[in-house]
Amino acid sequence: MKQLLLLLALGLTMSIANAAPVQVLMETTEGNIKLELDAAKAPKSVANFVQYAKDGHYDGLVFHRVIKGFMIQGGGYDEKSDQRKTRANIENEAKNGLKNDRGTIAMARTSVPHSASSQFFINDGNNDFLNYPGQDGWGYAVFGKVTEGMDVVDKIANTRTGNLPPFGRDVPVTPIVIRKVTVVEAK
C-alpha cells in the first residue's frame with residue numbers, strides 16, 4: 001500500500017512538473033495582451049485564473065490601479081467600481097521561484113498572504129521587493145508572463161490617472177476595459 005501511494009504521489013508530482021504552459025489572450029480597449037501561464041510552477045494560481053477566464057469573470061472588468069514603472073492591476077471591478085463576486089481565496093504560491101520581473105503576471109492580494117482570489121497585476125518594472133519572501137515573509141505569486149503585447153501594457157501604464165472613490169489615486173481617468181480573456185486551447 002505504501003509503495004502504491006508513493007508511486008501515485010510521484011506520478012502526480014511528475015505530471016504537475018511537466019504541465020504544459022497555458023496560453024491566454026486578454027483583449028482590452030487598448031489592444032491585446034498574450035500571456036503564457038506557468039502551470040508547472042504555479043498550478044493553483046493558473047487553475048484559478050483559467051477558471052475565472054472560462055467563467056467569463058474578467059469580461060467587462062477594468063484595470064482599476066495603474067502605476068507607471070510598477071504595475072497595472074485588474075480583475076475585480078467594473079466601470080462603475082462595483083466589485084464582482086469571487087470564489088474562495090487561494091494559497092499563496094510565491095515560493096515557486098518565479099520573479100516579479102517586468103512583463104510577468106502575479107496574483108494580487110491584501111496584506112493577508114493567502115487572500116488572492118480573482119485580481120491580478122502585470123509588472124511594468126522589475127519589482128524584486130514583491131518576490132518571496134517579500135516584506136511580509138510571503139511575497140506575491142507570479143504565475144506567468146506576457147509573450148506579446150508589452151506595448152499595450154506600457155500604453156496602459158502610461159495612461160493618465162486620478163482619484164476615484166473607493167480606490168483613491170492611481171485610477172485611470174478613462175476606463176481601460178478588459179473586453180475578454182480567452183484560454184487558447186492547443187490544436
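**Exercise 1. Placing Gly 60**

In which loop is the place of Gly 60? Determine also how far Gly 60 is exposed and which residues Gly 60 touches.

*Solution.* The model is a predicted one.

Step 1. Gly 60 is found in the loop between H2 and S3.

Step 2. The relative accessible area of Gly 60 is 28%. Buried would require under 20% and exposed over 50%, so Gly 60, at 28%, is classed as partly exposed.

Step 3. Leaving aside residues up to four places away in sequence, the contacts of Gly 60 are Asp 78, Glu 79, Arg 84, Val 177, Ile 178 and Arg 179.

Step 4. Tyr 77 is 17 residues from Gly 60 in sequence, and their C-alpha atoms are 8.7 Å apart in space.

**Exercise 2. The order of elements**

State how many helices and strands the protein chain holds, and in what order they run.

*Solution.*

Step 1. The count is three helices and ten strands.

Step 2. Read from the N terminus, the order is α-β-β-α-β-β-β-β-β-α-β-β-β.

Step 3. Of the 187 residues in the protein chain, 43% are buried.

Step 4. Among contacts with a separation of 6 or more, 68% are between residues 24 or more positions apart.

**Exercise 3. The pairing of S1 and S3**

Identify the strands that pair with S1 and with S3, and give a bridge partner for each pairing.

*Solution.*

Step 1. S1 (22–28) and S2 (31–37) are antiparallel and share seven bridges. Two residues separate them in a hairpin, and Glu 27 has Asn 32 of S2 as its bridge partner.

Step 2. S1 also pairs with S10, again in the antiparallel sense, over six bridges. Here Met 26 is matched with Val 181 of S10.

Step 3. S3 (residues 61–67) and S4 (residues 71–78) are antiparallel, with five bridges. Arg 65 faces Gln 73 of S4. The hairpin formed by S3 and S4 has three residues between the strands, and Gly 69 in this turn has a positive phi of about 80°.

Step 4. S3 is further joined by two bridges to S10 (residues 177–184), and these two strands run antiparallel. Val 62 stands opposite Val 177 of S10.

Step 5. S10 is thus a partner of S1 and also of S3. As to burial, five of the seven residues of S1 are buried, and five of the seven residues of S3 are buried.

**Exercise 4. The geometry and burial of H2**

Check the span of helix H2 against expectation, then describe what covers its buried residues.

*Solution.*

Step 1. H2 (residues 43–54) has twelve residues, so at 1.5 Å a residue it should span 16 Å. The end C-alpha atoms are 16 Å apart, in agreement with this value.

Step 2. The buried residues of H2 are Ser 45, Val 46, Asn 48, Phe 49, Val 50, Tyr 52 and Ala 53.

Step 3. An α-helix has 3.6 residues a turn, so residues three or four places apart point the same way.

Step 4. The cover over the buried residues of H2 includes S1, S2, S5 (104–107), S6 (120–123), S7 (142–148) and S10.

Step 5. After H2 comes Gly 56, with a positive phi near 80°.

**Exercise 5. Pocket and cavity**

Describe the volume and lining of the largest pocket and of the largest cavity.

*Solution.*

Step 1. The largest pocket holds about 370 Å³ of space. Its lining consists of 20 residues, and Gln 73, Ala 108, Arg 109, Thr 110 and Gln 119 are those nearest the centre.

Step 2. By class, this pocket lining comprises seven nonpolar, ten polar and three charged residues. S4 contributes the most to it, with four residues.

Step 3. One cavity of 30 Å³ or more is counted, and the volume of the largest cavity is about 50 Å³.

Step 4. The residues lining the largest cavity include Ser 45, Met 107, Ala 108, Arg 109 and Tyr 140. Its lining divides into seven nonpolar, two polar and three charged residues.

Step 5. Ala 108 and Arg 109 belong to the lining of the largest pocket and also to that of the largest cavity. Ser 45, which lines the cavity, is one of the buried residues of H2.

Key
Residues numbered from 1 in each chain as written. Predicted model: local features only at pLDDT ≥ 70, side-chain atom pairs only at ≥ 80, totals over all residues. Heavy atoms only, no water. Buried < 20%, exposed > 50% of the residue type's maximum accessible area, 1.4 Å probe, protein only. Pairing = 2+ DSSP bridges. 1 Å grid on protein atoms, 1.4 Å probe; cavity = no way out; pocket = protein on both sides within 12 Å on 5 of 7 lines; lining within 4 Å. Points joined across faces, edges and corners; volume = space filled by probe spheres on them. Nonpolar A, V, L, I, M, F, W, Y, C, P; charged D, E, K, R; others polar. Expected span 1.5 Å × (residues − 1). Contact = heavy atoms within 4.5 Å.
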